Amino acid sequence: MDFELEKFKTQGVKVNYYYICKRKLWLFSKGISMEDTSDRVMSGKIIHEDSYQRKKNKEMLIDNVLRLDIVDDEYIREVKISSRMPKADEMQLMYYLFYLKHLGIDKKGTINYVKEKRVDEIELTEEKEEEIKNTLINIKSIENQKNPPKLENLPYCRKCSYFTFCYVKEEE
Ligand code: SF4
């Protein structure tokens, strides 16, 4: 059975949050937003350091779903502060490659980790495509839950923008 991307497509940031914390994904999807700088540090979100500013004009928004930092002939290139959440970074970019493939555009990806001065190359494989499909189905299912997933007490909770929200509630 063909996968219906139209039914399951979502913002890239939600794929990122899925791999960081399912509860965070649920809170974000309900419009509870407490985004701040600590969160940016935690997830290593996009920044445009001097070395990337030159290419900033290539930032691209596709279908209101994908916000791509840099696009060139062969690659889409994401810029992250640091590699603290490598799996989340990888799968967000994998989702972008998957989405573009559905539009008939074949690309590879790179993640530029500014602090480490490291570049990881990402290629979409059949196995990763299956993982992305499952992830998108699971994201939809989490979003449809009436209540948020249970607090997991993760090592990076203190750096999460929802920290106060999660822990104050738990203490009640
Ligand atoms: S504080 Fe922890 S449990 Fe709560 S949303 Fe953030 S990462 Fe998830």
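Two strands count as paired if DSSP finds at least two bridges between them. Keep that rule at hand for these exercises, which work through a predicted model.

**Exercise 1. Pairing at the start of the sheet**

Work out how strand E3 (residues 70-71) is joined to E4, and in which direction the two run.

*Solution.* Start with the bridges: two of them join E3 to E4. The cut-off is at least two bridges, so E3 and E4, with two bridges, pair. Next comes direction, and here the two strands run antiparallel. For a landmark in the structure, find valine 71, which stands opposite isoleucine 76 in E4. Finally, look at the connection: three residues lie between E3 and E4, and the two strands form a hairpin.

**Exercise 2. From one pair to the whole sheet**

Find the strand order of the open sheet, and say which strands stand at its edges.

*Solution.* Carry on from E4 to strand E5 (residues 108-113): six bridges join them, and they run parallel. Two residue pairs help you to line them up. Tyrosine 75 stands opposite lysine 108 in E5, and isoleucine 76 has glycine 109 as its bridge partner in E5. Now put the strands in order. The sheet has four strands, arranged E3-E4-E5-E6, and its pairing is mixed. E3 and E6 each have a single partner strand, so they stand at the edges and one side of each is left without a neighbour in the sheet.

To finish, add the helix that lies over these strands. Helix H6 (residues 86-102) crosses E4, E5 and E6, and runs at about 150° to E5. An angle over 145 degrees counts as roughly antiparallel, so H6 is roughly antiparallel to E5.

**Exercise 3. A covered strand**

Decide how far strand E4 (residues 75-80) is enclosed by the rest of the structure, and check both of its faces.

*Solution.* Begin with the count: six of the six residues in E4 are buried, so the strand is largely enclosed by the rest of the structure. Then split the strand by face. In a regular strand, side chains alternate between the two faces of the sheet. On one side of E4 sit Tyr75, Arg77 and Val79, and on the other sit Ile76, Glu78 and Lys80; all are buried, and both faces are covered. Its parallel partner E5 is mostly covered too, with five of its six residues buried. As background for these counts, 47% of the 172 residues in the chain count as buried.

**Exercise 4. Two helices that cross**

Describe how helix H2 (residues 12-20) packs with helix H7 (residues 126-143), and name the residues that meet.

*Solution.* First take the geometry: the helices pack at an angle of about 85°, and their axes are 10 Å apart. H2 and H7 are therefore roughly perpendicular to each other. Next, list the residues. From H2 come Lys14, Val15, Tyr18 and Tyr19, and they meet Glu131, Thr135, Leu136, Asn138, Ile139, Ile142 and Glu143 from H7. Sorted by class, this contact has six nonpolar, two polar and three charged residues. Last, ask how well H2 is covered: nine of its nine residues are buried. Those buried residues include Gly12, Val13, Asn16, Tyr17 and Ile20.

**Exercise 5. Positive phi in the loops**

Locate lysine 117 and asparagine 153, and decide whether each is buried or exposed.

*Solution.* Take lysine 117 first. Its phi is near 50°, a positive value in a residue other than glycine. Lysine 117 belongs to the loop between E5 and strand E6 (118-122). With 76% relative accessibility, lysine 117 counts as exposed.

Now turn to asparagine 153. Phi of asparagine 153 is near 55°, again positive in a residue other than glycine. The loop that holds asparagine 153 lies between H7 and helix H8 (163-171). Its relative accessible area is 56%, and the cut-off for exposed is over 50%, so asparagine 153 is exposed.

Conventions: Residues are numbered from 1 along each chain as its sequence is written. This is a predicted model: local features need pLDDT of at least 70, side-chain atom pairs count only at pLDDT 80 or more; totals for chains, interfaces and linings use all residues. Side-chain values use heavy atoms; hydrogens and water are left out. Buried means under 20% relative accessible area, exposed over 50%, partly exposed in between (1.4 Å probe, protein chains only). Axes are lines fitted to C-alpha atoms, for helices over the stretch in contact, and angles run from 0 to 180 degrees between N-to-C directions. Angles under 35 degrees count as roughly parallel, over 145 as roughly antiparallel, 65 to 115 as roughly perpendicular and the rest as oblique. Contact means heavy atoms within 4.5 Å. Ala, Val, Leu, Ile, Met, Phe, Trp, Tyr, Cys and Pro count as nonpolar, Asp, Glu, Lys and Arg as charged, and the others, Gly among them, as polar.
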